[in-house]
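Here are two short exercises to work through with the model open. Have a go at each before you read its solution.

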Amino acid sequence: MMVLSAERRASIRRTFGQVWADRLGRTGVVLLGATAIVALIGPILFPFDPKQVGTSASSILRAPNGQHWLGTDELGRDVFRATIEGARLSLVIGLLATAISIVIGSVVGISAGYRLGRLDTVLMRFTDFFLVLPAVPLIIVLAALFGQSTLMIIVVIGLTSWPATARIVRSQVLSLRERQFILRIRSLGATDVRIIRSHILWNVMPLIFANTVLVIAGAILAEATLAFLGLGDPVQVSWGTMLHFAFESGATGRGAWWYVLPPGIGIVMVVLGFILAGHTLDRILNPRLRNR
Amino acid sequence: MYQHSPSTMAPRLMVLLSGLILLVAACGSAAPSSSTAPTEAIAGSPAPSASAAAASSPTAAPAATPSNATLRVGWSSEPDTMNPLTTYSTEADEVLHLVYDTLLGYDLELKPKPELASAVETSPDGTILTYHLRPNAAWTDGKPVTSADVKYTFETIHKESLSQYSQWLTHLIRVATPDPATAIVTFDKPQAFNPGLVVPILPEHIWSAKSAKEIQSFANEQPVGSGPFKLAEWKKGESLTLERNDAFWGDPAIAAKIAYTLYSNEDVEAQALKGGDVDVLTEVPPTIWDGLTGADNVKAVSLPSWSFHHIGMNVSDAKGSKGNPLLKDTTIRQALGYALDRQQLVELALAGHGKAGSSIVPLGMTEWHWEPTAEQAMNANPDKAKQLLDAAGYVDRNGDGVRESQDGRPLEFRLIAIESTSVDVRAAQLFRDAAATVGIKLDLATLDENTLGSTVYNTDAPDWDLFVWGWDSGVPDPDYMLGVPLCSQIGNNNDVFYCDKAYDALYDQQATTMDSVARKALTDQMQQKFYEDAAYLVMWYQDKLQAYRTDTWTGWAEIPGGVVFNFPRENYLKVVPNQ
Amino acid sequence: MFRASYLARKLLGVLITLFAVAVFNFILFRVLPGDPIRLQARAGNMTPEAVQRLKEVYGLDQPLVVQFGLYLKNVFTGQFGTSFTYHRQVADILAERIVNTLILLAAATILVVGLGVALGVLAAVRRGSRVDGTTVVGALVFWSLPTFWVGLILVFVFGVYLHVLPVSGTSSPGLSRGSPFAGAIDLGRHLILPTITLALVDIGQFVLITRSSLVDVMTEDFMLTARAKGLSRRRVIWRHGVRNALLPIVTATALYVGLIIGGAIQVEAVFSWPGMGRLMYDAVLRRDYPILEASFFVFAMVMIAANFISDLLYQVLDPRVREA
């Protein structure tokens with residue numbers, strides 16, 4: 001009756017096994033693993049020093065050569081190293097923003113679904129209101145109003161991407177709360193907090209996780225878009241800011257493909273990794289929701 | 001736009017400075033004491049008629065006749081409004097300059113020439129200006145241009161303190177109109193600067209019905225002017241088209257139309273020039289300009305610009321100032337100067353298109369520029385910076401890599417730059433790294449240009465430490481730039497709130513010194529003083545980078561300041577299409 | 001067709017949401033960004049009279065509550081105030097731009113719906129085949145592309161290297177207005193790359209939704225029955241399958257509208273397309289708050305309308321409602 005932790009571990013392992021068995025899922029996991037390795041180890045092997053600028057105008061936007069495997073940027077810095085460094089920031093922003101979004105979404109979804117009644121009505125009105133706001137314009141407006149530090153960008157993306165999670169979690173909690181085992185535990189006098197913490201939460205976790213994976217993809221895209229539009233933190237190297245500066249400095253017109261392609265490909269790889277993994281997870285955990 | 005002086009103020013400055021060409025040799029200041037100065041070019045009566053004659057008979061390309069070709073200009077920012085009394089944009093000034101006339105204009109040598117007024121006389125005491133209007137000048141709605149229009153324009157701007165132009169009409173008393181062709185403008189102080197050079201004359205019969213408040217929100221969608229072109233169409237966010245005004249009082253323009261096309265990206269804009277979609281670009285950023293050199297049928301031009309970009313430091317004494325007080329210590333400012341490698345900035349931020357900066361009088365003003373000796377130069381010498389800081393007791397007391405003052409305050413400052421001005425952002429990054437090597441921490445943030453402008457110019461309570469932007473000085477006289485750091489300019493142009501009585505005294509002295517050798521000695525002294533006080537770190541004097549096609553239109557005069565986006569409008573009138 | 005009470009309830013919901021968006025907007029823009037007069041005045045000195053005049057022009061001399069009342073009145077009469085940048089009525093500026101955005105969105109939507117449904121059906125019908133696999137993978141890949149980056153690459157492939165298609169604006173510079181036909185051709189050429197960019201990225205999710213809902217429908221009993229009745233496979237798929245699969249597609253409309261609005265902002269920025277998205281982008285760079293506020297409000301209204309319409313369509317299409 002009570003879900004044991006060994007059992008949970010087994011179920012996690014089983015789920016992962018299923019993802020790995022799926023061709024798309026495996027591709028996604030590989031892409032993510034590769035990116036994680038690059039983001040973790042890359043900067044140690046190929047540290048990027050933003051101060052390591054070129055020496056003269058002739059070292060700007062140089063084509064790839066033995067010294068600079070992916071050429072140089074508009075300050076004569078190494079694009080290869082910058083791209084590796086960029087992986088780190090893009091991932092960090094994506095993960096942290098998602099964490100904010102998931103926490104808010106889960107709290108709102110669980111409290112609404114578990115409590116029902118007035119709280120549910122109010123919370124869902126609120127959620128629907130945010131769902132109906134157009135995401136990209138909202139993020140742009142908030143970023144324009146709150147400034148361009150990395151922290152603000154994380155907060156803004158986190159604050160704007162939770163409503164879908166809240167909705168999904170709520171509907172799952174709704175069905176859980178009427179299940180036999182929950183009803184029985186409650187009749188045994190367990191407190192709400194305890195029920196939520198040790199039963200509801202664990203049972204909605206897989207769903208939240210599958211959703212998380214997709215939210216990260218969205219958050220990384222959102223960061224890149226903001227940065228490209230000039231609303232990123234220009235002092236930090238992320239793939240979005242690299243593309244912003246590439247566009248600003250005319251790298252594309254000069255045919256500097258080595259500056260335009262790597263950050264873009266980086267974004268596509270990571271986002272694709274998350275989407276493939278999320279898509280597969282969703283199918284496994286939630287066979288009826290195949291239209292996601 | 002590359003030439004980012006904070007472009008919010010660029011137009012204002014450009015116009016202001018253009019006026020100064022007159023004061024150049026002359027008095028250099030609008031101070032009352034200058035009444036004795038000869039305001040030669042325009043003031044003397046023979047001069048204007050002579051130049052009028054020159055202007056009315058075209059010297060170049062006598063065969064050129066009006067064509068039906070369209071001159072296509074590419075720019076990356078569009079006008080804000082067609083109302084000359086509310087615009088802040090350089091692009092609007094460029095267009096309105098062709099739609100409206102000023103009483104006097106500039107020729108290709110940047111010398112004053114008659115425009116709507118065929119002649120002007122200045123009273124011996126410099127307080128009365130008499131403009132003689134052209135009899136054949138007419139508004140595009142058919143009504144003649146008369147002295148009543150001049151009266152309305154000058155008096156309304158003055159009375160309602162409308163627009164940037166009001167600062168040249170501060171001392172206006174009245175405009176008398178003895179007849180439709182004569183406007184007698186009386187001031188209560190001598191006017192060394194002739195406001196006829198900058199104030200666009202507006203049609204009284206259209207504007208006088210509006211209250212000042214209505215003028216403030218008047219978009220002027222269908223401007224009625226008297227200039228060589230009229231507005232045909234403005235597709236906002238896309239293009240603006242001017243067409244030749246056939247009723248223009250002077251020689252008609254050769255181009256039948258001028259089509260300005262807006263590009264959201266300067267790179268795409270450069271490609272459009274290469275591909276033959278446009279004929280000339282108003283401004284090109286350095287790295288993109290490099291990509292244009294050597295393109296077929298394209299000439300990329302690099303012209304002197306008399307502008308500079310600088311790092312400004314908040315030295316405000318205002319009670320409400322929220323700047324870090326440590327910056328009021330000259331030693332720290334000088335150390336920052338020593339830490340900065342200006343040649344590196346030119347190479348990397350400007351891609352080599354400029355010269356390393358030093359004093360506030362740009363290198364382009366050759367005869368006025370003061371250059372520090374190798375001994376005096378505070379540049380690219382981090383060891384010296386460290387020495388200075390060590391000697392003054394700023395050492396790293398807690399081993400975090402940042403020095404602290406004796407009472408433990410860290411040498412950590414905020415640095416702001418305009419997000420869209422990529423050269424400045426790059427420079428700010430390099431500056432931050434340079435400062436770090438001598439133990440000064442700079443926290444870089446970027447803002448949009450409006451916010452930066454209003455942050456910096458928050459005179460009562462400036463809440464910033466350092467910024468990066470630039471001044472655009474447009475004409476080769478030191479007076480304007482030297483006037484920026486005056487105490488009296490706090491609340492106006494003085495962007496660092498520098499105030500030094502000795503400096504001010506020198507300024508007044510040079511403004512009334514007619515002997516150019518003596519004046520040069522004074523201006524050198526001022527430049528050196530301001531350089532050593534290091535409230536500004538002038539980073540570079542950049543070149544004006546533009547480009548035009550050689551196979552579509554010919555006859556571009558490559559004049560200092562640029563082929564377009566410059567004070568003279570002659571190029572627009574005189575370029576000839578290839579058959 | 002609908003019960004009046006349902007419609008009334010839905011409409012009330014729409015009104016409440018609109019009101020909430022207005023309040024949200026007011027708080028966001030009036031309370032947060034500091035002193036609009038200082039922003040408006042920009043650099044330099046302003047006389048007290050000039051400041052006062054500006055305050056009157058922007059209604060800022062009133063207390064906050066009165067400002068809010070004025071603001072509501074203005075919003076619901078379509079007045080969004082005066083642009084800081086253009087010194088004109090924001091409503092007029094929006095009116096000029098909205099057509100261009102509609103053209104772009106219409107073109108992209110036709111492409112996305114047409115191609116998306118076709119590909120989705122193709123994949124669903126041949127489920128498990130190579131075609132299906134390729135379509136799904138392709139859809140997932142396109143889904144993960146950043147719109148602006150695709151735009152950049154198309155600009156430089158087709159506009160710069162091949163120089164076959166225009167990459168900026170809606171018409172060629174200096175093109176004298178010839179026949180309307182030539183003008184339309186010119187517009188069409190300018191429309192190609194922005195439309196493709198927008199469609200490429202947004203088509204992915206559409207294909208996936210179509211495919212999976214059709215797959216669901218095809219396993220339902222009535223499909224098998226129809227097939228057993230001897231109807232041709234093609235007829236069964238199109239007459240019964242797609243029609244029933246429309247339901248989830250329609251409910252995804254609101255999602256799609258949100259996506260395409262986000263895409264339009266990026267595409268218009270990259271291609272200098274003079275629409276609402278570009279207006280909003282410029283307004284961000286210039287911190288032109290009245291324009292930002294109004295364009296955000298308009299986008300939110302579009303989303304609300306899309307949700308409302310998809311709710312209604314759901315009612316129309318849902319077989320349980322239809323057959324009852």
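**Exercise 1.** In this predicted model, take strand β13 of chain B and work out which residues lie on each of its faces, and whether those faces are buried or exposed.

*Solution.*

Step 1. Start with the general pattern: along a regular strand, side chains alternate between the two sheet faces.

Step 2. Sort the residues by side. B:S307, B:H309, B:I311 and B:M313 go on one side, B:F308, B:H310 and B:G312 go on the other, and both groups are buried. "Buried" here takes 20 or more other C-beta atoms within 10 Å of a residue's own.

Step 3. Check the tally: β13(B) spans residues 307–313, and 7 of its 7 residues are buried.

Step 4. Now look at the neighbours in the sheet. β17(B), residues 466–472, runs antiparallel to β13(B) and is joined to it by 7 bridges. One pair to find is B:G312 opposite B:F467. β18(B), residues 536–542, is antiparallel to β13(B) too, with 4 bridges between them. There, B:I311 sits across from B:L537.

**Exercise 2.** Turn to where chain C touches chain A: which element of chain C gives the most residues, and how do the residues on that side split by class?

*Solution.*

Step 1. Get the head count: 40 residues of chain C are in contact with 35 of chain A.

Step 2. List the elements of chain C that give two or more residues to this side: α1, α6, α7, α8, α11, α12 and α13.

Step 3. Pick the top contributor, which is α13(C) with 7 residues.

Step 4. Sort chain C's side by class, and you get 30 nonpolar, 8 polar and 2 charged residues.

Methods: Residues numbered from 1 in each chain as written. Chains lettered and ligands numbered in written order. Predicted model: local features only at pLDDT ≥ 70, side-chain atom pairs only at ≥ 80, totals over all residues. Buried ≥ 20, exposed ≤ 12 C-beta atoms within 10 Å, placed from the backbone. Pairing = 2+ DSSP bridges. Contact = placed C-beta atoms within 7 Å. Nonpolar A, V, L, I, M, F, W, Y, C, P; charged D, E, K, R; others polar.
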